[in-house]
Amino acid sequence: MLLVEADGKALLRQYGISVPEGQVVRDAAWTAPAAARVVKAQVTVGGRGKAGGVALCRDATETQAALARILGSSIKGHAVHACLVEAPATGRECYLSILLDAGAGAVRVTFIAEGGVEVESHTLDASTSRLCAPDEASINAALAALTDDAAVREVGTKLATLFLREELMLAEINPLFVGPAGAVAGDAKLVLDGNALHRQPGQEALLRGNATLYPDALRKLDEGFDYVELDPKGSIGLITTGAGLSMMLVDELTARGARPINFLDIRTGQLRGSPARLIRVLEWLSEHPSLRVLFVNIFAGITDQREFAKLLAEALAAQPCGGVPVVARLVGNGSEEARAWLAEARPDIAIFEDLEPSIARVAEHAL
Amino acid sequence: MNALAEFSARTRVLVQGASGRMGRRHTQLMRDYGTHIVAGTSLREAGGNIDGIPLFADCAAAVHATGASASICMVPPLETRAAVEEAVAAGINLVVTIAEGVPVHDALHLRRLTQQHNVTWIGASTPGIALPGQAKLGFLPNVALAPGPVALLTKSGTLSYEVGYRLVQLGLGQSLWLGVGGDAVKGTRFAELLPLMAQHGPTEAVVLIGEVGGTEEEEFAAALAARPIGKPVLCLLAGREAKEGVAMGHAGALTYGGAGTLASKTTALEAAGAEVFASTAALVARCAGLFGKRA
């Protein structure tokens, strides 16, 4: 997952890479210094500048106006809880990144000596970008082939250590300001591997220190399954398993004008006879006043649907979400008996074997 | 891909981590389906057996005693790297790993290792592969499996179950079902399966189930455009509404900065002559139509 810039810079600093002096501000009433500052929204999404999340401010009045405008706004659907307020850096604007190139099965090192922010307009070739093996010596050799600048190579060496030790998917500094005093990271785009968090305790601490910014990642770490809030004002609560099928359902419901609150991959194979995980999800969904229908869709390859149906009934009894209608589509292992059992236990639930009519029913409730 | 082309009900299969909760259950389910399981590994129960399948302390001993050439690896995500290294060292030439959540740097290491040793690796996280009616490695559900003319190549488990199940209900089974998995770095990518698809006799059409994130669909499209396979390719792509910057259940289903979007994938696939569908129903109907079945 993408770290917000301030957390990315904390990691850069930890590995000895210089960053501008700055601080994280959460309150628009903060007293701004008289000198010029850059105000940047701290959200886990790229393209902030174009979305109005970055402001270059000449004095305290402008800084405070920028904070008032950006804090509490929304950037590409991500609420802005915090801004990084920094002293502007100076120097030649370069681009430096180390990427885990999944397609190539290698590490890609890229350095562009000028151009900075508009890196997308560059065509990468052997003079700006090299593939190499995932070890420090290879990354350093790749960078040495791209630049002679000692300050850049020093930052690159530190960034390589960080990239490998922290098991990153991407470590990007854009712009990297290069001047007489050395190189300073103007921005930090660090993408963590959520699957490595269990053996990266420092990263876990970083995420917990800024918990409001990483609700989805921390939820996964704590609960062991994926629940992503898509639209807090949506009307459909999804009780689904499997990432691909759940994503497809979100797409198909949205295409009909119905808005799911969440994406969910609950992993029915891990319930192990307890409704606790289902109850957790129902509790989160019940906090949305806009919830109008619960949509259960479980394709059980291996899981026994009879067991799942019982857990579902228990969970709904414990947390009925205000009694909103429930549409349940159960198919696969043991589903015929499961549907018959559920129909008797909960005659109010609309039960389906096939997906299409169940989607249509959910859309009727949601729209 | 030779090991994949040669996989059959005669392939001698080793189960790594056979005595765990998952391992024990799926060893039995795979054998019941027809998979020729000749050995398991288990640190705790080496020397014992599961329903007559002998358990060994490590891959080398298992391969030496039984001649196993393929492995299905049922170990937790943080143990997957060591398990595949062990299988490669023992001379296994087809490894399938099912664990969800293998760290991406581990996967990168394994990708390079298996390529160096000419080992076919399916994973990191996959529901498995199947030759319907013959054998399977992994936990693809029997209810969705049937022999037929459609090759199903997929990132997602559940979405492929849904598609496979609905096609089977219409009388259309699969020539091969292969889950490449939802990881960013993986053993076998869609594009690498194209040569096999071109020469695979039983395959008359390819259904590719992709999703947002990464560039695998774009790579597949480029390879298809460069070397058409002479068979229809139908694609279903999930994740149009995925939230940027958050992995949607699959580690690879992560978009940032406009890369890996469905629009980019759709454009590339259509330009390569594939058909792309935005709903399961539309894909199923088109596939049924190709073979004269009524959806």
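**Contacts and domains in a two-chain model**

In this predicted model, the contact between the chains draws 50 residues from chain B and 48 residues from chain A.

Visitor: What makes a residue of chain B part of the contact with chain A?

Guide: A residue is in contact if its C-beta atom, placed from the backbone, lies within 7 Å of the C-beta atom of another residue. By that cut-off, 50 residues of chain B and 48 residues of chain A take part.

Visitor: Which elements of chain B give two or more residues to the side that touches chain A?

Guide: They are α5 (104–116), α6 (158–169), β12 (205–211) and α10 (280–290) of chain B. With six residues, α5(B) gives the most.

Visitor: How many residues of that side are nonpolar, polar and charged?

Guide: The side of chain B that touches chain A has 24 nonpolar, 16 polar and ten charged residues. Gly counts as polar in this division.

Visitor: What are the domains of chain B, and how far apart do their C-alpha centres lie?

Guide: Chain B is divided into domain 1 (2–122) and domain 2 (141–290). The C-alpha centres of these two domains of chain B lie 26 Å apart.

Visitor: How do you know that domain 1 of chain B is in contact with domain 2 of chain B?

Guide: The cut-off is again C-beta atoms within 7 Å, and 13 residues of domain 1 of chain B meet it with ten residues of domain 2 of chain B. On the domain 1 side, α1 (2–6), α5 and β7 (120–122) of chain B each supply at least two residues. The most come from α5(B), with six residues. By class, this side has ten nonpolar residues, two polar and one charged.

Visitor: Why are β3 and β7 of chain B said to stand at the edges of the sheet?

Guide: The sheet is open and has seven strands, in the order β3-β4-β2-β1-β5-β6-β7 (chain B), with mixed pairing. Both β3 (49–50) and β7 of chain B have a single partner strand, so one side of each has no neighbour in the sheet.

Visitor: What makes β2 and β4 of chain B a pair?

Guide: A pair needs at least two bridges. Strands β2 (residues 37–41) and β4 (residues 53–56) of chain B have two, in the parallel sense, so they count as paired. B:G40 stands opposite B:L55 in β4(B).

Visitor: Which strands does helix α2 of chain B lie across?

Guide: Helix α2 (residues 21–33) of chain B lies across β1 (13–16), β2, β3 and β4 of chain B, at about 175° to β2(B).

Key. Residues numbered from 1 in each chain as written. Chains lettered and ligands numbered in written order. Predicted model: local features only at pLDDT ≥ 70, side-chain atom pairs only at ≥ 80, totals over all residues. Contact = placed C-beta atoms within 7 Å. Helix = DSSP H or I, 4+ residues; strand = E, 2+ residues; numbered from the N terminus. Domains from an automatic or database assignment. Axes fitted to C-alpha atoms, helices over the stretch in contact; angles between N-to-C directions.
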